Amino acid sequence: MMLTIVQGVSQSHAAEWSAEPSLSMKGEYNSNLLLFNGNNQVWGAWVTPGVKFKGSTELLEVEGGLRADFVRYYGESDRELTNLYVPLKAAYRWDRMTFGFDGGFTRDNTLLAELRQTGLVLGFTQRNMWTAAPSLTVGMTERLSWQTAYQFMDAQYQDGLRFGLVDYQVHGGTTGLSYNSGERDQVQVTGEYTYVGMPAISQHSIYYGAQTGWTHDFGHDVTGSLSGGVRFISSTQNVSGGTVADYETVGLYHATLRKKWERTMVQLDASREVNSSGFGLLLQTDRYGGTVSHGVTETLTLALNGGLYSVTGVATAGLSRPIPRSRFASVSPSLSWKFAQWWTLDVAYTYSERGVGSLDQWNFSNSTFVMLTYGGAKWSVSR
């Protein structure tokens with residue numbers, strides 16, 4: 001994973017620190033929370049306090065926050081959850097070099113996190129995730145820069161083995177060049193190497209490869225990006241009587257096209273990625289999605305989000321945890337109304353469906369929520 005950091009030294013010599021508190025209250029209904037057979041209908045109540053902070057000096061920029069979700073579900077899945085989000089970003093710049101950091105701690109649940117990333121419904125339990133991604137960017141010329149980064153990820157599941165989930169760790173490195181060929185074009189070339197370890201099932205995977213990318217400003221508020229590459233993947237697992245292994249080569253791609261008008265934005269995305277997962281396998285996820293948002297007035301915004309995922313395991317031959325190909329799709333219209341200086345009302349509906357053709361399974365859900373958010377006054381200190 002390459003981190004993009006804008007180079008240059010701030011012209012301001014003042015230090016400024018700020019914090020923005022918020023509080024949200026949400027009521028939710030979901031006809032099939034687990035997207036599985038049986039009665040999984042629930043009602044939910046969410047209370048979410050949070051605070052975001054920023055700080056900057058002549059050379060240093062820091063951004064982070066703290067947010068908690070206190071969740072109670074009523075119905076067939078009667079349970080209480082507490083989600084925590086503690087992100088941290090930092091950048092220190094001097095001369096032609098920039099040191100960056102992106103990471104933090106997240107405590108969430110699999111239906112919130114891994115479903116959105118991989119498109120696979122893994123069950124419903126809470127996950128603790130630590131991430132750290134330091135990077136170094138060096139401006140070699142006015143147009144050419146070199147960046148290297150390290151990625152660490154540690155995922156642990158609450159009572160995971162009962163749900164068929166396993167803890168895992170990821171260690172990865174990337175390095176590459178970025179060249180601004182003109183005012184509207186940027187080209188990137190990146191190489192990567194990643195190790196994924198799953199000690200509970202004596203399995204580890206390694207993948208490496210390279211990719212190239214192109215970003216272009218077409219003018220008239222139209223921007224696009226296109227990247228593609230290849231990953232060489234190997235997975236090994238110790239089993240009774242020996243070791244089994246499998247190897248696979250996967251082509252990856254990512255394309256985005258974005259258009260903005262005065263009050264409207266449209267974005268289309270298509271990608272193929274390989275992700276780690278709590279299921280104990282690397283997953284290949286093909287995703288096609290889009291977003292449309294329109295500001296009806298200065299205070300009222302309508303939006304439509306949708307996505308289609310196709311998911312399968314990678315390098316699974318001979319391993320003890322193969323999975324069939326599955327499909328996940330969702331579409332969600334929403335409305336956001338800022339009816340007062342500090343108050344916002346959000347309403348959304350989501351239709352989701354999950355299908356596993358080889359098992360003749362198809363499940364769907366209808367869900368909706370109403371959320372009231374108070375965003376307090378910004379606190380700031382400067383010198």
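In this predicted model, Tyr-193 has a relative accessible area of 46% and is therefore partly exposed. Its ring does not stand alone: Tyr-193 and Tyr-208 make up an aromatic pair of the stacked kind, with 6.4 Å from centre to centre and 20° between the planes. The angle places the pair in the stacked class because planes under 30 degrees apart count as stacked. Tyr-208, at 42% relative accessibility, is partly exposed as well. Tyr-193 belongs to strand 9 (residues 185–198) and Tyr-208 to strand 10 (residues 203–219), so their pairing ties together parts that lie 15 residues apart in sequence. Phe-232 joins the picture too, as ring pairs link Tyr-193, Tyr-208 and Phe-232 into a cluster.

A search of the whole structure gives eleven aromatic pairs, and one of them, formed by Trp-214 and Phe-218, offers a useful look at another geometry. Here the centres are again 6.4 Å apart, but the planes meet at 80°, and the pair is edge-to-face. This assignment follows because planes over 60 degrees apart fall in the edge-to-face class. Trp-214 is partly exposed, with a relative accessible area of 36%, and Phe-218 is likewise partly exposed, at 41%.

Turning from rings to charges, a positive surface patch is made up of Lys-52, Lys-54, Arg-67 and Lys-378. Of these residues, Lys-378 sits in the loop that runs between strand 18 (361–375) and strand 19 (379–382).

Conventions. Residues numbered from 1 in each chain as written. Predicted model: local features only at pLDDT ≥ 70, side-chain atom pairs only at ≥ 80, totals over all residues. Heavy atoms only, no water. Patch = residues over 30% accessible without salt bridge, like charges linked within 9 Å, V, L, I, M, F, W, Y side chains within 5 Å. Areas by Shrake-Rupley, 256 points an atom, 1.4 Å probe, with all protein chains shown as cover. Salt bridge = Lys/Arg side-chain N within 4 Å of Asp/Glu carboxyl O. Lys, Arg positive; Asp, Glu negative; His and termini not counted. Charge placed at Lys NZ, Arg CZ, Asp CG, Glu CD. Helix = DSSP H or I, 4+ residues; strand = E, 2+ residues; numbered from the N terminus. Phe/Tyr/Trp six-rings, centres within 6.5 Å; stacked < 30°, edge-to-face > 60°. Buried < 20%, exposed > 50% of the residue type's maximum accessible area, 1.4 Å probe, protein only.
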